[in-house]
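Student: I have a model open and want to go through how it packs. Can you take my questions as they come?

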Amino acid sequence: MIRVLLVDDQPLIRSGFRALLDLEDDIEVVAEAADGEEGLVLIKEHLPDVALIDIQMPVMDGIEATRRIAADPALADVHVVMLTNYGMDEYVFEALHAGAAGFLVKDIVPEDLLHAVRVAARGDALLAPSITRKLIHRYVTQPPPTTGAALEKLTSREREAVALAARGLSNDQIADHMVISPMTAKTHINRAMTKLHTRDRAQLVVLAYESGLVTPRNG
């Protein structure tokens with residue numbers, strides 16, 4: 001059972017999402033909160049698999065709440081998916097760095113919401129093609145930070161797996177490309193995340209672009 005917690009200051013959004021999610025046999029909404037501060041308290045209490053958190057809220061916004069979740073070892077298994085009205089806005093990169101696993105636009109169709117919750121619960125990055133394109137554009141128009149040294153910790157196969165993940169490939173697709181088993185592909189990704197101290201796959205993707213491992217020329 002995938003346990004979900006909703007954090008949004010709009011009651012209509014929360015009730016709509018809850019009604020949809022509660023219809024699924026494998027998903028349970030365990031609690032709701034109207035701001036980030038209340039949400040943080042409830043997340044610590046319920047330890048959900050997925051927290052759907054609005055970016056802009058009173059008292060404490062979603063980015064600060066996400067930052068605090070990511071900093072708490074007790075919440076390491078909570079996967080945060082940010083909710084936004086705008087799709088791509090100025091908060092996306094800040095939220096990814098804070099520890100968000102991905103983004104959903106609030107007018108998402110029901111099927112995509114359900115898929116997103118299940119993807120996030122598995123620990124996979126939830127980065128839409130539009131967000132990936134924005135990442136590429138950002139690191140084309142400005143030089144990457146000097147974080148390439150961090151990648152020296154990785155084996156050549158781990159670097160290859162990270163580069164493929166940054167291009168949006170799933171573990172199964174990485175396995176096909178590298179001619180290895182999906183379990184081995186997952187192991188490469190998990191080891192890379194451990195070595196690079198990234199919370200999840202989304203942060204691994206950001207680091208791949210920031211380090212220059214993936215660029216529009218070779219990625």
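Tutor: We can go through the cores, one helix and some salt bridges.

Tutor: This is a predicted model, where local features need pLDDT of at least 70, side-chain atom pairs count only at pLDDT 80 or more, and totals for chains, interfaces and linings use all residues. Residues are numbered from 1 along each chain as its sequence is written, and side-chain values use heavy atoms, with hydrogens and water left out.

Student: How many residues does the largest nonpolar core have?

Tutor: It has 28 residues, and those with the most contacts inside it include Leu5, Ile43 and Phe103. A nonpolar core here is a set of buried Ala, Val, Leu, Ile, Met, Phe, Trp, Tyr and Cys residues joined through side-chain atoms within 4.5 Å. Buried means under 20% relative accessible area, exposed over 50%, and partly exposed in between (1.4 Å probe, protein chains only).

Student: Which element gives the most to this core?

Tutor: Helix H4 does, with four residues. Helices (H or I, at least four residues) and strands (E, at least two) are DSSP runs, numbered from the N terminus.

Student: And what does Leu5 touch, leaving aside its neighbours within four places in sequence?

Tutor: Its contacts (heavy atoms within 4.5 Å) include Val30, Ile43, His46 and Leu52. Apart from this core lies another, of 24 residues, with Leu151 and Val205 among them.

Student: Switching to helix H1. Which residues are buried there?

Tutor: In H1, residues 11-21, the buried ones are Ile13, Arg14, Phe17 and Leu21. They cover an arc of only 95° around the axis, so they sit on the same side of H1. That arc is taken from the directions from the helix axis to the C-beta atoms.

Student: What do they pack against?

Tutor: The buried residues of H1 pack against E1, E2, E3, E4 and helix H5 (110-121). Exposed Pro11 and Leu12 are on the face turned away from the buried side.

Student: An arginine in that list? What does Arg14 form a salt bridge with?

Tutor: Its partner is Glu32, with the closest N and O atoms 3.0 Å apart. Glu32 lies in strand E2 and Arg14 in helix H1, so the pair ties together parts 18 residues apart in sequence. A salt bridge means a side-chain nitrogen of Lys or Arg within 4 Å of a carboxyl oxygen of Asp or Glu.

Student: Is Glu32 buried or partly exposed?

Tutor: Glu32 is partly exposed, at 26% relative accessible area, whereas Arg14 is buried at 13%.

Student: How many salt bridges are in the whole structure?

Tutor: The search finds 11. One of them joins Arg68 and Glu64 (2.8 Å, N to O); the two are four residues apart in helix H3, about one helical turn.
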